[in-house]
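Let's take a friendly walk through a protein fold, going from the whole chain down to single residues. Have a look at the picture first, and then read on.

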Amino acid sequence: MSEVLVEVWRGSFLECQHRGHAVIVNSVGDIIESWGNPFEEILPRSSSKILQALPMVESGAADAFGLTPAQLALSCASHQGDPLHTSAVSNWLSALNLSENDLRCGTHWPAGKKTSNELVKSGKKPCQIHNNCSGKHCGFLTFNKYLAGDTDYVNINHPVQKAVLLAFEEMTGETSSGHGIDGCSAPNFSTSLKGLATAMARMGSGVRGNASIRLVEAMAKYPLLVAGEGRACTELMGAIGGRVVLKTGAEGVFTAILPDEGLGIALKIEDGATRGSESAIAALLVRLGVANKAHPMVQKRMCPTLKNAAGLIVGGIRPAEVLL
């Protein structure tokens, strides 16, 4: 059974509850704490991007093409399509002698409101570079060029995706029961929450040597590339000062890597609510002593206030007592 992890209050009325599952695991795979069902099978969605980037680094492709730490961070990102992100993706593609047409992630409007509005005002439309997964796909293209593979690098039987699955299963310690196709057309492999948290703990502990450490350190160093201004991953990593690497995923998934503690966190809000997953992950980081509850960016996600159209504070979101 899932457990109530987050509550939404309007005045003195409990108006909504977000149920879910969460687990804290060490790099050996021992469960330190859990809520709900730690063995719940999920699709990790974008929270697993660091695992999808691992074969690119381990294979030698990243070094062969001289990738920088910023590019490694971008390969793990769900960016919001701001100029900071799109220029980095464009430059990466140029360095590979490739173009936007070589991407297979599809097109959507950038999540960054300012960038999106500027496109509209100028009469322009977004392209695949604005896709939040375009950095991950640049990583796939880098690996694919190194392997001299065919252009359909998102195909489940392509060498790139076979390598991703192998690394994914080795890091989670589980055999994936299947996959779904993600919003960016890449396969997204299933695992239990325990398996996902174990993989995150192992990434931070360097069990795969320098490759995993490089990716973790890159994300910690470039939080703006990982998400963007005003985004939970970026703001929480900044608030914690690089001690923790965070990554959200669609449908209420969130992961955390705590290298100093040798721990990994994975959680899933059943109804897919982002407000629930952000509150829960912030609460767990406070619980573990790596985040300061009083920090404005921690409060913003952990216990945000609810305002009405007149700007009056009418309620708030807060973690359930079990997380505190």
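Helices (H or I, at least four residues) and strands (E, at least two) are DSSP runs, numbered from the N terminus. With that in hand, names such as "strand 8" will make sense below. Keep in mind that this is a predicted model.

**The whole chain**

The protein chain contains 13 helices and twelve strands. Its C-alpha trace extends about 60 × 50 × 35 Å along the principal axes. Is that what a compact globule would give? For 324 residues, such a globule would have a radius of gyration near 20 Å, and the protein chain has 19 Å, which agrees.Of these 324 residues, 54% count as buried. Contacts tell a related story: among those between residues at least 6 apart in sequence, 63% join residues at least 24 apart.

What about the surface? The protein chain exposes about 13000 Å², and carbon and sulfur atoms supply 52% of that area. As for charge, there are 29 positive and 29 negative side chains, with the centres of the two sets 7 Å apart.

**A closer look at helix 6**

Helix 6 covers residues 134-147. At 1.5 Å a residue, its 14 residues should span 20 Å, and the end C-alpha atoms are indeed 20 Å apart, so the expected and actual spans agree.

How many of the 14 residues of helix 6 are buried? Eleven are, so to speak, tucked away, and the helix is mostly covered. Among the buried ones are Ser-134, His-137, Phe-140 and Phe-143. The cover over the buried residues of helix 6 includes helix 1 (49-58), helix 2 (61-64), helix 3 (69-75), helix 4 (83-95) and helix 7 (159-172).

**Residues with a positive phi**

Most residues other than glycine have a negative phi. Here are three places in this model where phi is positive:

| Residue | Phi | Place |
|---|---|---|
| Arg-45 | about 50 degrees | loop between strand 4 (41-42) and helix 1 |
| Ala-148 | about 60 degrees | just after helix 6 |
| Glu-251 | about 60 degrees | loop between strand 8 (245-249) and strand 9 (253-258) |

Are Arg-45 and Glu-251 buried, partly exposed or exposed? Buried means under 20% relative accessible area and exposed means over 50%, with partly exposed in between. Arg-45 has 21% relative accessibility, so it counts as partly exposed. Glu-251, at 45%, therefore counts as partly exposed too.

Methods. Residues are numbered from 1 along each chain as its sequence is written. This is a predicted model: local features need pLDDT of at least 70, side-chain atom pairs count only at pLDDT 80 or more; totals for chains, interfaces and linings use all residues. Side-chain values use heavy atoms; hydrogens and water are left out. The radius of gyration is taken over C-alpha atoms; the globule rule is 2.2 Å times the number of residues to the power 0.38. Buried means under 20% relative accessible area, exposed over 50%, partly exposed in between (1.4 Å probe, protein chains only). Contact means heavy atoms within 4.5 Å. Accessible areas come from the Shrake-Rupley method with a 1.4 Å probe; for residues, only the protein chains shown count as cover. Lys and Arg count as positive and Asp and Glu as negative; His and the chain ends are not counted. The place of a charge is taken as NZ of Lys, CZ of Arg, CG of Asp or CD of Glu. The expected span of a helix is 1.5 Å times one less than its number of residues.
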